[in-house]
Every structure is written in structure tokens, then in C-alpha cells.
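Ready for a few exercises on reading a fold? Have a look at the structure, then work through the tasks below.

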Amino acid sequence: MTRDDILAALAKVSVPGGGDLVSRDLVRALAVEGTTVRFVIEAESAEAAQGLAQVRDAAEAAVKALPGVEDVQAVLTAHGPKSAPKAAPAGEPPSLKIGRHPTPDKGQGPAKIAGVDRILAVGSGKGGVGKSTVSSNLAVALARQGRRVGLLDADIYGPSQPRMMGVSKRPASPDGKTILPLTAHGVTMMSIGLMLDPAKAVVWRGPMLMGALQQMLSQVAWGELDVLIVDLPPGTGDVQMTLCQRSAVTGAIVVSTPQDVALLDARKALDMFNTLKTPVLGLIENMSSYHCPKCGHEAHLFGHGGVRAEAEALGLPFLGELPLSIDVRVAGDGGTPIAAGDGPEAEAYARLAEGLVRGGMA
Ligand SMILES: Nc1ncnc2c1ncn2[C@@H]1O[C@H](COP(=O)(O)OP(=O)(O)OP(=O)(O)O)[C@@H](O)[C@H]1O
């Protein structure tokens, strides 16, 4: 059983309004693991998604009928805001030149992004604590709650959102100036990883990357958004400074694991946001607890509760804890964030998103 076999089966599933799942380009993040097949059907709008429930059932049945397939999981999602621009056809290079020297700050102060109500920066003191995973899942969880959400991958040194959100198309730039973002799992998204030839990116120097970040902030046509989530690079560097000084960032969220070493670094990130006068909206503990899938025993591999205690000590809100789970990694690697499905991890993200909406942060 290959991807092509599965796509051939999905091409036989008709869609209301004409065509089939493949010819209408509705299948995303197709993943085959052993005898399990996972994919996402992404409708053009929330209304269209409602009418596709039967199509999803038919798609699952069609794939399940293939020899060698035992389990099929199809998730139905919708594009975000109706006004979201259409993506460029696959492979079409943008006419825009990305990457240039940054323009000097003329002292005009932080700028708002037209149509965007709030900008939330997600940072971490050290790499690998799950900042990108939290950013993408939080974006998807908020979109599932009806918020209009954008996700900017500002991790210009190692962009991971295209992989985590299952997007690889190049964004279009019809006028050579405006960049049209893409849509995935109900989230409007943009990443420098979508604009660059990966082989060339590595030879870029800092200033060129900073110029590219400025372009992403000022030239992407985000449309109307309740919240734009910005996935920062780890640590405390130029990107954080450029973002907080040039854009009207509503606030920052700092992600940490519970270990002491991670917390030590998280404090540095908190100090940096203080220096930049960006309000810290709260802390999140990732990789908090682990439930053994075999026996259900709960373990705390990196400790537990350290981030909550740190937030209390600093007088900052503690926004929530997210479990360590292999499914979170597999989902992220497969291009469908775990928050797009059901289960305890998706529920943890839904609770986190609810808290942010209740607090007026998203
Ligand atoms: N709660 C979790 N459970 C299991 N795996 C996780 C969890 N959170 C993140 N991961 C995995 O840990 C790895 C690092 O996560 P991620 O890339 O989100 O971290 P990051 O802090 O953004 O790192 P970077 O420094 O590379 O930007 C990824 O493989 C991700 O799938």
C-alpha cells in the first residue's frame, strides 16, 4: 500500500458541487504508518465542512477497503477566515524577492498590523522545550473555538511550522510586494521556510534574515484576525528584539519544561520581555506528565509543577500544563497538530485556548 494507492482510492470519492477529494485538492497531511492511515480533509469554509461529514465517512471506508489497511483516521477541518486569500498553485515561485538588509528603525515605534486585533509572541529560554509545538497546537485549538487565528513562524533560523502544520506550498505574491499567506487546519499561516530554498537559507547572514522577518511582519496580507501567534526562535536575540520593538505585541507567553535548567533559561526570556517592555501574559508547562499507554501509570519524567511554582513566585499567570506524549510528536511530525483531533492532549489544548479567550488574550 503506497500513498498513490490511497490517493487513487480517495480520487473515487465524490464531493458535493462536483469533482472528487483529490481533484478538488481537499486532502492534506496524508500519513501512512504501518497499517494505519491518517489524513485531513480541509474544506473551504466551516459551512462546507459541515456538508462533508458523509464524504469523510465515505473516504474512510474507501481507504479501509484497501488491502493492508487496518485503521483509518480522517479529520475534517475548515479554512479559517472567509477572506483568506487563495494560495499559489504548488511549485509556483513567488515573484517577491525575500531576504534583504533590514531597513533602519526610524523611531516611529511599534506598528500595528492592519486587521489584526492581538499579537501574541510565544517564546522560550532554551530550544527543544516545545515552543513550536505549543504555538501550532494553540493556534489550531483557538481556530476550533471559532477564533480567527494567524500563525507566523518567526523562527527564521530553523522554521518548523511548515512541517508541523503540513504545508509546503509556496505563498504567492501577485504584485511582488504583498505576500499571500496559506491556510491549514483553520489557521492562516506564514513561515520563512515556505519562501526559501533550504539550500540557500543556510548561507544567509543575520542581517538578511532580519530583513526577511521585517518583510514577513509588514508585507503578509493576514486579513482580519482575532489573534496572530508568533512562534519565536528560542532564547533571547535579535528576532525577539525586532518583533517587540517594531510591532505592537499584545503580550508574550513563555513555554518551559519543568526541569530546573529549563526554568533557569525561562527566567532569562522573562527578563528580556521585561526589558523590551512587552507584558508577559503567562507561563505554560510543556512535557508535564506522562501517562503510560500500556498501564496508565502517570510519571513525571522532567519533574512536575516547577513552572506553576515559578509563575507564582514571579506573580505571573500560570496558563496551563500540557502532557508529554508520543502522539504529540507523531502528530506534529505528520503535519496535523494533535489539537486538530480528539483525546486527552487535544482537550488539554482546548482548555488552554478557552483560558486565553476568557482572559481576552485571544
Ligand atoms: N508535549 C510533548 N510531548 C511529546 N513530544 C513533544 C511535546 N512537545 C514537543 N515535543 C517534541 O519535541 C521536539 C521539540 O519540539 P519543538 O520543535 O516544538 O520545540 P521548540 O522549543 O520549538 O524547539 P526549537 O528550539 O527547535 O525551536 C519535537 O520533536 C516535538 O514533536
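**Exercise 1.** Find the bridge partner of Leu152 in β8, and place this pair in its sheet.

*Solution.* Step 1: the partner of Leu152 is Val230. Step 2: the strands concerned are β5 (residues 149-153) and β8 (residues 227-231), which pair in the parallel sense over five bridges. Here strands are DSSP runs of E with at least two residues, helices are runs of H or I with at least four, both numbered from the N terminus, and two strands pair if DSSP finds at least two bridges between them. Step 3: the open sheet has eight strands with mixed pairing, in the order β6-β7-β5-β8-β4-β9-β10-β13. Its edge strands, β6 and β13 (318-322), each pair on one side only.

A note on the source: this is a predicted model, where local features need pLDDT of at least 70, side-chain atom pairs count only at pLDDT 80 or more, and totals for chains, interfaces and linings use all residues. Residues are numbered from 1 along each chain as its sequence is written.

**Exercise 2.** Locate His185 and Met287, and decide for each: buried or exposed?

*Solution.* Step 1: His185 sits in the loop between β6 (182-184) and β7 (187-191), while Met287 belongs to the loop between β10 (280-286) and β11 (290-291). Step 2: count other C-beta atoms, placed from the backbone, within 10 Å of the residue's own (buried: 20 or more; exposed: 12 or fewer; partly exposed: in between). His185 has 32 such neighbours, so it is buried; Met287 has 26, so it is buried. Step 3: check phi, which is positive at about 50° for His185 and near 60° for Met287. Most residues other than glycine have a negative phi.
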